[in-house]
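I am opening a notebook page for this structure and will write down, entry by entry, what I looked up in it.

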Protein chains: 2
Amino acid sequence: METELAELVRGVSHRLRRGYGERFGPLGLTPGQARALRAIADAEPPLRMVQLADLLRIVPRSVTPVVDALEEAGLVRREVDPANRRSTLLVLTPEGRTRYEQVREARRQAAEELFSVLTPEQREQLRSLLSLVEGRSA
Amino acid sequence: METELAELVRGVSHRLRRGYGERFGPLGLTPGQARALRAIADAEPPLRMVQLADLLRIVPRSVTPVVDALEEAGLVRREVDPANRRSTLLVLTPEGRTRYEQVREARRQAAEELFSVLTPEQREQLRSLLSLVEGRSA
DNA sequence: TATTGTTATACTCTATAACTATA
DNA sequence: TATAGTTATAGAGTATAACAATA
């Protein structure tokens, strides 16, 4: 019973990831990079590396190559925090802003495709149940 | 809206995988190996490599290292299919059977821990909704 | 010619440990 | 001494391409 639930979660997550991969590929981004770009774009004021790690729930070391890729692609700039020279601020470039809009649309399409079989009420139900499992307020 | 759903699925799946990893570690298995062991143990008659790949929804090439690990651990034996010498049959050893029982209990515990916040009715609801998304009969 | 499985290789995501610069 | 980030390294999971053996 619980086992089957677990397998279903795994399956849906797998499909989701695959859908993202296919849609982000043409944008030159992996799902992880797209996710980081989104976090950086939504942040105000600019994020530091540790904060991004927290948001993505990965260790700071694992953030480095992700930001490296975004920086090489010209989407994000690293800036030294004037207030604390140990810290790095992550600033979106104009190209980054444009790409982010495309990422957002790609995400929307992938999620829409996957969850299109559900009615709005069912989606809300699913969202509520998963929120409970995630331990956030439903 | 759909985006948030997607993020929730991702988070729950991540927790699930982490829970499995912690519990399978002492058994000397990665989550992927445990999953393959389960498929092999449940199969009757014995699976061939391609069939296992199909069940796990990965390409045959990716099955090879998983089965390598299970065979090195003495849990599974590769046998040439007498009916088709190109094929490899995957046979569980007695140790494999024992380990599989432990894996099953570990899985059960991990899933129970994660979904314990839900009532039985809510679990059934969640299972039903995810089944719809997975495109199987709810 | 098609199928089964493997060798070789590579990429994504994530982790731990040790180090540098700064506080 | 503690914090922010990096270099170095590793392991899990997955993929494509080329190939051998068999059908």
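Before listing any neighbours I fixed a term: two residues are in contact when they have heavy atoms within 4.5 Å of each other. I noted that this is a predicted model, in which local features need pLDDT of at least 70 and side-chain atom pairs count only at pLDDT 80 or more, while totals for chains, interfaces and linings use all residues. Residues are numbered from 1 along each chain as its sequence is written, chains are lettered from A and ligands numbered from 1 in the order in which they are written, and side-chain values use heavy atoms, with hydrogens and water left out.

**Entry on B:Leu52**

I looked up B:Leu52 and found it in helix α3 of chain B, where helices (H or I, at least four residues) and strands (E, at least two) are DSSP runs, numbered from the N terminus. Is B:Leu52 buried or exposed? Its relative accessible area is 0%, so B:Leu52 is buried; the word buried stands for under 20% relative accessible area, exposed for over 50%, and partly exposed for what lies in between, with a 1.4 Å probe and protein chains only. When I set aside neighbours within four places in sequence, B:Leu52 is in contact with B:Ala36, B:Ala39, B:Ile40, B:Leu47, B:Val63, B:Val67 and B:Leu90. I also checked B:Leu29, which is 23 residues from B:Leu52 along the chain, and the C-alpha atoms of the two are separated by 17 Å.

**Entry on B:Thr93**

B:Thr93 sits in the loop between β3 (88-92) and α5 (94-115) of chain B, and it counts as buried because its relative accessibility is 9%. Next I looked for polar contacts, meaning pairs of N or O atoms within 3.5 Å; within protein, one must be able to donate a hydrogen and the other to accept it, and residues adjacent in sequence count only if both atoms are side-chain atoms. A polar atom of the side chain of B:Thr93 lies 2.7 Å from the backbone oxygen of B:Gly74, and the side chain of B:Thr93 makes a polar contact with that of B:Glu95 at 3.2 Å. Not counting residues up to four places away in sequence, B:Thr93 touches B:Gly74, B:Leu75, B:Val76 and B:Arg77.

**Entry on the aromatic rings**

For rings of Phe, Tyr and Trp (its six-membered ring), I used the rule that they pair if their centres lie within 6.5 Å, with planes under 30 degrees apart counted as stacked, over 60 as edge-to-face and the rest as tilted. By this rule I found two aromatic pairs over all chains. The rings of A:Tyr20 and A:Phe24 are stacked, because their centres are 5.3 Å apart and their planes stand at 20°. The rings of B:Tyr20 and B:Phe24 also have centres 5.3 Å apart and planes at 20°, so this pair is stacked. B:Tyr20 and B:Phe24 are four residues apart in helix α1 (residues 2-24) of chain B, and therefore about one helical turn separates them. B:Tyr20 counts as buried at 9% relative accessibility, and B:Phe24 is buried with a relative accessible area of 1%.

**Entry on DNA strand D**

Which residues come closest to DNA strand D? A residue is near a strand if one of its heavy atoms lies within 4 Å of it, and of the 22 residues that surround DNA strand D, the closest are A:Val50, A:Arg61, A:Thr64, A:Thr88 and B:Thr30. Of the strand's atoms within 4 Å of the protein, 67% belong to sugar or phosphate and the rest to bases. A polar backbone atom of A:Val50 is 2.7 Å from a phosphate oxygen of DNA strand D, and a backbone N or O atom of A:Thr88 lies 2.8 Å from a phosphate oxygen of this strand.

**Entry on DNA strand C**

Around DNA strand C there are 22 residues, of which A:Thr30, A:Gly32, B:Val50, B:Arg61 and B:Thr88 come nearest. An N or O atom in the side chain of A:Ser62 is 3.1 Å from a base nitrogen of DNA strand C. For B:Thr64, a side-chain N or O atom is 2.9 Å from a phosphate oxygen of DNA strand C, and for B:Arg78 I also noted 2.9 Å between a side-chain N or O atom and a phosphate oxygen of the strand.
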